[in-house]
Amino acid sequence: MLIWKGRWLEKHEAYISLEEPCLLYGGLVYETLRTYNRKLFAGKYHFDRLKASAGCLHIKIDMDYENFRKIISEGVEKVNCDVSVRIMLLPRGNISAFGFETKSYELIIFLEKLNISKFPEKVKVSLSKVRKIDDLATPAYLKIAGRTDILLAKMEKGDAYDVIMLGSKGQVCEGTFSNVFLVKNNTVVTPSLDSGILPGITRKNVIDLCKSLGITVEERWVEPIELCDADELFLTHTSRGVVPVDELSSCKTYSKSVGRFLVSKFEEYIGSIEENWL
Ligand code: PLP
């Protein structure tokens, strides 16, 4: 593991102080990225999402995207393999009515050899009893460590790949680290952004991929019953792309033909979209 904290460090050289405000108040903003063939995937989208999360805490990131990308490319060269990249932004100063007082932060970049575990033989998901915190309390786009809804839902995961969370009005939202898609009669349906979900970068790519393939996509509020009624279910997230699901809560099984088709087209598609490689 290689860590950037203003300079490159090995894991054993990096530490954080017990006096870090984020240990007291929370507020650690993060993003997870990956490379394909040693090129950073969707770096600009992740950087913009990081800025939006930091903006929620009134923190303005003063590094520009060029510099951010340069640092990561330098790290990828050092590690010399495909990597997963974890960005952590630690707010500094005392929290006040106006956010973290000093509006300053420390940016930490971890690079780790990309290690994508094999698919489980059966990809199972279950429905979480924990509801997503309403957008009015915590915006769904705020990617912050220790969101209690995500934390408590993860604890229900067991041997499931992910658990699907509903929103405060009972609408289907997303997994704890993935966006949710279902397929009914060859139409792909996914919860709209106003359902209270993270605007997933893979989600956006998959919606555009479906459209480019002539597959109808509906972005709208989704009722939980539709999960039981669907022909297929699949999840999307950065480290894995598209993940077709076999089973929901041991009571519903799915076919996987559209999901598998999208898996087969995904890498070629994302490779062809210039904005993914800025
Ligand atoms: N939803 C949540 C709550 C997530 O944490 C993530 C990824 O971390 C996603 C969806 C998938 O987003 P992306 O495709 O940008 O990785």
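The paragraphs below lead through this structure, from one of its sheets to its helices, its cores and the surroundings of its ligand.

The model is a predicted one, in which local features need pLDDT of at least 70 and side-chain atom pairs count only at pLDDT 80 or more, while totals for chains, interfaces and linings use all residues. Residues are numbered from 1 along each chain, as its sequence is written.

A good place to begin is an open sheet of six strands, which follow one another in the order β2-β1-β8-β5-β3-β4 with antiparallel pairing. Helices and strands are here DSSP runs numbered from the N terminus, a helix being H or I over at least four residues and a strand E over at least two, and two strands count as paired if DSSP finds at least two bridges between them. Strands of a sheet pair through backbone hydrogen bonds, either parallel or antiparallel. At the edges of this sheet lie β2 (8-10) and β4, each of which pairs on one side only.

Within the sheet, strand β3 (residues 29-36) deserves a slower look. In a regular strand the side chains alternate between the two faces of the sheet. In β3, Val29, Glu31, Leu33 and Thr35 point to one face and are buried, whereas Tyr30, Thr32, Arg34 and Tyr36 point to the other face and are not. A residue is called buried if 20 or more other C-beta atoms, placed from the backbone, lie within 10 Å of its own, exposed if there are 12 or fewer, and partly exposed in between. On one side, β3 is joined by six bridges to strand β5 (residues 83-91), and the two run antiparallel; Leu33 has Val85 as its bridge partner there, and Glu31 stands opposite Ile87. β3 also pairs with strand β4 (residues 39-40), again in the antiparallel sense, over two bridges, and here Tyr36 stands opposite Lys39.

The loops around β4 hold two residues with an uncommon backbone angle. Most residues other than glycine have a negative phi, and most peptide bonds are trans. Asn37, found in the loop between β3 and β4, has a positive phi of about 45° although it is not a glycine, and the hairpin to which it belongs has two residues between the strands. Asn37 counts as exposed because it has 8 C-beta neighbours inside 10 Å. Ala42, in the loop between β4 and α2, likewise has a positive phi, near 55°, but Ala42 counts as buried because it has 23 C-beta neighbours inside 10 Å.

The chain then enters helix α2 (residues 43-56), whose 14 residues should span 20 Å at 1.5 Å a residue, and the 20 Å between its end C-alpha atoms agrees with this; the expected span is 1.5 Å times one less than the number of residues. Its buried residues, among them Tyr45, Phe47 and Leu50, pack against β3, β4, α3, β5 and α5, where contact means C-beta atoms, placed from the backbone, within 7 Å of each other. Just after α2, His58 takes a positive phi of about 65°. In helix α3 (residues 65-79) lies Asn67, which is exposed, with 10 other C-beta atoms within 10 Å.

Turning to the interior, the largest nonpolar core has 36 residues, of which Val125, Val172, Leu233, Phe234, Val243 and Val245 touch the most other members. Such a core is a set of buried Ala, Val, Leu, Ile, Met, Phe, Trp, Tyr and Cys residues joined through C-beta atoms within 7 Å. Among the elements that give two or more residues to this core are α4 (148-154), β11 (172-174), α5 and α7 (257-272). A second, separate core of 27 residues includes Leu57, Val83, Leu90 and Phe110.

Around the ligand stand 14 residues, of which Leu198, Gly200, Ile201, Thr202 and Thr238 come nearest; a residue is near if its C-beta atom, placed from the backbone, lies within 6 Å of the molecule. The elements giving two or more residues to this shell are α5 (201-212) and β15 (232-237), and α5 gives the most, with three residues. The buried residues of α5 include Ile201 and Thr202, and just after this helix Gly214 takes a positive phi of about 80°.

Definitions and conventions:
Contact = placed C-beta atoms within 7 Å.
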